[in-house]
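Work through the exercises below with the structure open. Each task is followed by a solution in steps.

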Amino acid sequence: MEKMAAEKLREYCQSVVKRHGKPGRDWAFGAIEFAFLTDAITPEEFGAILEEFELVPPGSMQRSLNCSEGKAWEEAEQ
């Protein structure tokens, strides 16, 4: 189940980021976050997909996930 959910998420992320640019990144993150919070994907898959699509969690989630590299990426984007 987790593998199938992760593959579908990758397909979704790829399509929305390609079609919508920055707003697509926000939508992709929302989908990944929902899958993670509902236990459809593992924490490892969550991290791997975020890294694969260079998605940065919001500040509050970064602190809980200890994503120091995400903070650096977010600051570079501003």
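**Exercise 1: a salt bridge between helices**

Glutamate 52 has a relative accessibility of 43% and counts as partly exposed. The model used here is predicted.

Task: find which residue forms a salt bridge with glutamate 52, and state which helices the pair joins.

Solution.
1. The partner is arginine 10, with the closest N and O atoms 2.6 Å apart.
2. Arginine 10 has 17% relative accessibility; buried means under 20%, so arginine 10 is buried.
3. Arginine 10 belongs to helix H1 and glutamate 52 to helix H3, so the salt bridge ties together parts 42 residues apart in sequence.

**Exercise 2: a salt bridge within a helix**

Task: describe the salt bridge between glutamate 7 and arginine 10.

Solution.
1. The N to O distance between the two side chains is 3.7 Å.
2. Both residues are in helix H1, 3 residues apart, or about one turn of the helix.
3. Glutamate 7 is partly exposed, at 43% relative accessible area.
4. Salt bridges with shared partners link Glu7, Arg10, Glu45 and Glu52 into one network.

**Exercise 3: the nonpolar core**

Task: state how many residues the largest nonpolar core has, and which elements give two or more residues to this core.

Solution.
1. The largest nonpolar core has 18 residues.
2. Helices H1 (2-20), H2 (22-37) and H3 (43-52) each give two or more residues to this core.
3. The largest share, 6 residues, comes from H1.
4. Ile32 is among the residues with the most contacts inside the core. Beyond four places in sequence, isoleucine 32 has contacts that include Leu9, Cys13, Phe46 and Leu55.

Methods. Residues are numbered from 1 along each chain as its sequence is written. This is a predicted model: local features need pLDDT of at least 70, side-chain atom pairs count only at pLDDT 80 or more; totals for chains, interfaces and linings use all residues. Side-chain values use heavy atoms; hydrogens and water are left out. A nonpolar core is a set of buried Ala, Val, Leu, Ile, Met, Phe, Trp, Tyr and Cys residues joined through side-chain atoms within 4.5 Å. Buried means under 20% relative accessible area, exposed over 50%, partly exposed in between (1.4 Å probe, protein chains only). Helices (H or I, at least four residues) and strands (E, at least two) are DSSP runs, numbered from the N terminus. Contact means heavy atoms within 4.5 Å. A salt bridge is a side-chain nitrogen of Lys or Arg within 4 Å of a carboxyl oxygen of Asp or Glu.
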